[in-house]
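Colleague: I have a few questions about the wording used for this model. Could we go through the labels one by one?

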Amino acid sequence: LGIAMGGRRGTDVARESADLVLLDDSFSSIVEACKLGRRIYGNISKAVMYVIIVHIPFAGLALLPVLFNWPILLYPTHIVFAELVIDPACSIVFEMEPAEKNLFHKPPRKSTEHVLSLFEGIYSAFQGFLILIICVLIFYLNWKFNPDFIGKIDDSGQRLVPRLSLEVLIGMTFCTLLISNMGMIVSNRSKTRSALAMMKIFNPA
């Protein structure tokens with residue numbers, strides 16, 4: 001990698017032939033540039049992990065009612081509202097995350113290295129399926145066994161009208177999905193710090 005001074009000291013020939021030009025004529029800028037590059041690359045990796053996590057439960061809640069003849073769990077309004085959380089999280093929140101601790105303790109990454117490692121991909125899928133299981137359990141157990149939704153049988157053997165409607169149960173499931181989504185944003189802000197520690201670190205977004 002060829003580096004040239006780009007301010008007062010560098011010559012035109014050096015600037016034209018260099019791969020990297022230092023506009024402030026300071027070699028300390030090389031360290032800052034490497035730090036910035038690693039921070040950006042790490043934040044892109046976190047955003048990709050979050051995208052995998054959050055779309056697995058959405059896909060599952062849209063597909064399971066079709067496979068098992070359940071009521072529709074996600075309507076277009078739900079999807080649009082969820083995107084108001086997902087898109088800013090991917091494009092703003094993770095992009096503004098500060099650099100990880102001990103950033104330069106890791107060796108340089110290879111040019112052939114993927115944004116996500118195999119472990120990170122599996123871990124992201126695990127978190128996504130975990131959210132899906134929680135949402136499905138909340139819906140199914142209440143739908144089948146909660147008297148407030150299936151109705152009660154009185155002393156004469158007649159089934160009373162349920163106190164709560166199916167729309168309330170769908171809303172409960174969607175709220176669980178959103179709360180889990182917010183939890184995944186907090187827990188995946190850092191790969192080296194805990195979620196509790198990251199809550200103390202300010203994010204400008």
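Modeller: Happy to; this is a predicted model, and we can take the helix pairs and then the aromatic rings.

Colleague: Let's start with H4 and H6. Why are they called roughly antiparallel?

Modeller: The axes of H4 (residues 118-145) and H6 (residues 166-187) come within 10 Å and cross at roughly 160 degrees. Angles over 145 degrees count as roughly antiparallel, and H4 and H6 therefore get that label. The crossing of H4 past H6 is right-handed.

Colleague: What makes the contact between H4 and H6, and how do its residues divide by class?

Modeller: On the H4 side, the residues include Ile131, Ile138, Phe139 and Trp143, and they meet a set in H6 that includes Leu169, Met172, Leu177 and Met184. By class, the contact of H4 with H6 has 11 nonpolar, six polar and no charged residues.

Colleague: And H2 with H3: how do you know which way they run relative to each other?

Modeller: By the angle again: the axes of H2 (residues 28-68) and H3 (residues 76-93) come within 10 Å and cross at roughly 165 degrees. With the cut-off at over 145 degrees, that makes H2 roughly antiparallel to H3. H2 also passes H3 in a right-handed crossing. Among the contact residues are Tyr50, Val54 and Phe58 of H2, along with Ile79, Glu83 and Ile86 of H3. That contact of H2 with H3 has 11 nonpolar residues, one polar and one charged.

Colleague: Now the rings. What makes Trp70 and Trp143 an edge-to-face pair?

Modeller: There are nine aromatic pairs in the whole structure. For Trp70 and Trp143, the centres are 6.4 Å apart and the planes are at 70 degrees. Ring centres must lie within 6.5 Å to pair, and planes over 60 degrees apart count as edge-to-face, so both tests are met by Trp70 and Trp143. Trp70 sits in the loop between H2 and H3, and Trp143 in helix H4, 73 residues apart.

Colleague: Why is Trp70 called buried, but Trp143 partly exposed?

Modeller: Buried means under 20% relative accessible area, and partly exposed runs from there up to 50%. Trp70 has 16%, so it is buried, whereas Trp143 has 23% and therefore counts as partly exposed.

Colleague: What about Tyr140 and Trp143: what makes that pair edge-to-face?

Modeller: Tyr140 and Trp143 are 6.4 Å centre to centre, with 75 degrees between the planes, and over 60 degrees is edge-to-face. Tyr140 and Trp143 are separated by about one helical turn because they are three residues apart in H4. Ring pairs also link Phe68, Trp70, Phe139, Tyr140 and Trp143 into a cluster.

Notes. Residues numbered from 1 in each chain as written. Predicted model: local features only at pLDDT ≥ 70, side-chain atom pairs only at ≥ 80, totals over all residues. Heavy atoms only, no water. Axes fitted to C-alpha atoms, helices over the stretch in contact; angles between N-to-C directions. Helix = DSSP H or I, 4+ residues; strand = E, 2+ residues; numbered from the N terminus. Parallel < 35°, antiparallel > 145°, perpendicular 65-115°, else oblique. Left-handed = near helix turned anticlockwise from the far one by under 90°. Contact = heavy atoms within 4.5 Å. Nonpolar A, V, L, I, M, F, W, Y, C, P; charged D, E, K, R; others polar. Phe/Tyr/Trp six-rings, centres within 6.5 Å; stacked < 30°, edge-to-face > 60°. Buried < 20%, exposed > 50% of the residue type's maximum accessible area, 1.4 Å probe, protein only.
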